[in-house]
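Here's a quick briefing on charge pairs and enclosed space in one protein chain. Take a look at the structure first, then we'll walk through it.

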Amino acid sequence: MSLSENKIKIINFKSHFPLTPFSPNYNYFIFENDIDDKVEINEILNHMLDREKELMKDDKNIDKSNSEKKNMTIRYKFFNEKIFKMKYMINLIDVLRENIYNYSKVLYEKVPEKLWVQIWCNILRKDQSIDIHQHDSSEHSYLSGNLCLQSNNTKTHYINPQNYFKKFNPEYSSENKKGRLTIFPSTIPHYTDSVKDNELRVSIAFDVIIESDMKKILWENKKNDLFRENIFKL
């Protein structure tokens, strides 16, 4: 089921009525909104590509022989406090905040009083993909999302966590359209198609985290490089 209002689309997949105490019982919502008219997509894209070049040149720990491993190593280092203060980024944060609140508003859910966002960039080249994964399955899990900056005929596939092993039978497949923002519960497993040609698939991904989340605690204590600079208060 999907409900559309302007550019906002809500996709819902839920269990059948449970017939036993042990039957699956779930109700998930995926939120989509095309925000290409709200943020500077091309400016963000160009800056992310420039940042990758900077990081590839400066990071001495990068495995130069393995571009996929290299990208996995640096993807959490694209953002920092300096970038958070750039005009395009201030605007993007405002738009993310608005849509995160809209997600909860549509579902009549109260938004936690304090939220933080961890943000990173994924750049995929020909024959690369993102394998099935979850962003969080703990008691602290909240929301995650992604913003497509560039893609050519690829999709992100969202899977029911109750039968995640059915990788090729997703509950919903989202077109990776330039400017499309997707928000979903962090527990939902998902994966992407492989890039089939030479056009890069570039996206910004993020987790919305609550105060008790370990990622926020690691960021405050500067204990882990993956959470050193890429978290901001929403």
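What follows covers the salt bridges and then the cavity. Keep in mind that this is a predicted model. The count comes to six salt bridges, and there is one cavity of 30 Å³ or more.

**Salt bridges between distant parts of the chain**

- Asp37 and Lys7 pair up through their side chains, with an N to O distance of 3.2 Å.
- That pair ties together two loops: Asp37 is in the one between β3 (27-34) and α1 (41-58), while Lys7 is in the one between β1 (2-5) and β2 (8-14), and the two residues are 30 apart in the chain.
- Lys7 counts as partly exposed because its relative accessible area is 42%, and the range for that label runs from 20% to 50%.
- Asp34 and Lys177 form another salt bridge, with 3.2 Å from N to O.
- Here the link spans 143 residues, from Asp34 in strand β3 to Lys177 in the loop between β7 (172-175) and β8 (180-185).
- The two partners sit differently with respect to the surface: Asp34 is buried at 13% relative accessible area, whereas Lys177 is partly exposed at 34%.

**A salt bridge within a helix**

- Glu54 and Arg51 meet in a salt bridge with an N to O distance of 2.9 Å.
- Both residues belong to helix α1, and because they are three residues apart there, about one helical turn separates them.
- Glu54 is partly exposed, with a relative accessible area of 35%.
- Arg51, on the other hand, is buried, and its relative accessible area is 11%.

**A shared network**

- Asp34, Lys177 and Arg180 are joined into one network by salt bridges that share partners.

**The cavity**

- How big is the largest cavity? Its volume is about 30 Å³.
- The lining of the largest cavity includes His135, Asp136, Ser141, Tyr142 and Ser144.
- Further along the chain, Ser186, Asp207, Val208, Ile209, Asp213 and Lys215 also line this cavity.
- Which strand gives the most to that lining? Strand β10 (residues 201-209) does, with three residues.
- By residue type, the lining of the largest cavity splits into four charged, four polar and three nonpolar residues.

Technical notes:
Residues numbered from 1 in each chain as written. Predicted model: local features only at pLDDT ≥ 70, side-chain atom pairs only at ≥ 80, totals over all residues. Heavy atoms only, no water. Salt bridge = Lys/Arg side-chain N within 4 Å of Asp/Glu carboxyl O. Helix = DSSP H or I, 4+ residues; strand = E, 2+ residues; numbered from the N terminus. Buried < 20%, exposed > 50% of the residue type's maximum accessible area, 1.4 Å probe, protein only. 1 Å grid on protein atoms, 1.4 Å probe; cavity = no way out; pocket = protein on both sides within 12 Å on 5 of 7 lines; lining within 4 Å. Points joined across faces, edges and corners; volume = space filled by probe spheres on them. Nonpolar A, V, L, I, M, F, W, Y, C, P; charged D, E, K, R; others polar.
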